[in-house]
Amino acid sequence: MQYFGSKRGLFTRALQTAPAPGAPGAPGDGAALLDQLPATLGVKLGGMPDGTLAVLRSMLTDPASADHAREALGRQISGIGGALPASEDGADGELRAALIITTMLGVTIGRQLLGLDVLRDAPAERIGTLLRPAIAALTEPPD
């Protein structure tokens with residue numbers, strides 16, 4: 001309450017795993033996005049306050065929290081999808097963005113909530129380095 005005003009405010013802050021819609025630059029700027037996403041992941045893997053972790057847990061069990069998570073993640077997916085270069089048919093930008101966001105969310109959950117040894121013990125920079133090729137593949141439209 002002191003820092004975020006409400007549980008919803010804390011939850012919104014906890015879900016900030018990706019750049020805001022429109023970031024990092026003009027639509028089609030996949031290279032800048034590629035540079036920003038691992039850095040954002042590094043911040044999330046660096047540690048979270050207990051309250052933030054509780055809010056992340058609640059999105060899996062509380063319907064209202066799940067609805068809020070879907071809305072917040074949907075905005076991130078839309079923003080990132082708009083920053084990705086379009087495929088020839090223009091149909092898969094949001095799907096690729098959703099795969100990027102949920103990959104990052106999964107890694108964060110594995111490290112922060114589940115405490116998987118291999119993720120917990122690895123430096124955030126190493127995880128970002130290993131994820132970079134996968135994220136890079138998703139920032140470009142498939143052939």
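Me: Let's start in a loop: does Asp92 count as buried or exposed?
Reply: A quick note first: this is a predicted model, in which local features need pLDDT of at least 70, side-chain atom pairs count only at pLDDT 80 or more, and totals for chains, interfaces and linings use all residues. Residues are numbered from 1 along each chain as its sequence is written, and side-chain values use heavy atoms, with hydrogens and water left out. Buried means under 20% relative accessible area, exposed over 50%, and partly exposed in between (1.4 Å probe, protein chains only). Asp92 has a relative accessibility of 15%, so it counts as buried.

Me: Where is Asp92 placed, and which residues is it in contact with beyond its neighbours within four places in sequence?
Reply: Asp92 belongs to the loop between H4 and H5; helices (H or I, at least four residues) and strands (E, at least two) are DSSP runs numbered from the N terminus. Contact means heavy atoms within 4.5 Å. With neighbours within four places in sequence left aside, the contacts of Asp92 are Ser87 and Pro142.

Me: Ser87 makes me curious about Pro141: how many Å apart are the C-alpha atoms of Pro141 and Ser87?
Reply: Pro141 sits in the segment after H7 and is partly exposed, because its relative accessible area is 22%. Not counting residues up to four places away in sequence, Pro141 touches Pro85, Ala86, Ser87 and Arg96. Pro141 and Ser87 are 54 residues apart in sequence, yet their C-alpha distance in space is 4.9 Å.

Me: Stepping back, what order do the elements of the protein run in from the N terminus?
Reply: The protein has 7 helices and 0 strands, and 43% of its 143 residues count as buried. From the N terminus on, the order is α-α-α-α-α-α-α.

Me: Which helix supplies the largest share of the largest nonpolar core?
Reply: A nonpolar core is a set of buried Ala, Val, Leu, Ile, Met, Phe, Trp, Tyr and Cys residues joined through side-chain atoms within 4.5 Å. The largest one has 13 residues, and those with the most contacts inside it are Met59, Ile80, Ala97, Ile101, Leu105, Ile109 and Leu113. Helices H3 (50-58), H4 (63-83) and H5 (93-113) each give at least two residues to this core. The largest share, 5 residues, comes from H5.

Me: How many residues are in the second, separate core?
Reply: Among the members of this second core are Val107, Leu119, Ala122 and Leu131. Its residue count is 8.

Me: What distance lies between the end C-alpha atoms of H4?
Reply: The expected span of a helix is 1.5 Å times one less than its number of residues. H4 has 21 residues and should therefore span 30 Å. The distance between its end C-alpha atoms agrees, at 30 Å.

Me: How are H5 and H7 oriented to each other?
Reply: The axes of H5 and H7 (residues 124-139) come within 10 Å and cross at roughly 160°; axes are lines fitted to C-alpha atoms, for helices over the stretch in contact, with angles from 0 to 180 degrees between N-to-C directions. Arg96, Leu99, Ile100, Thr103, Val107 and Arg111 of H5 make the contact with Ala124, Ile127, Leu131, Ile135, Leu138 and Thr139 of H7. Angles under 35 degrees count as roughly parallel, over 145 as roughly antiparallel, 65 to 115 as roughly perpendicular and the rest as oblique. H5 and H7 are therefore roughly antiparallel.
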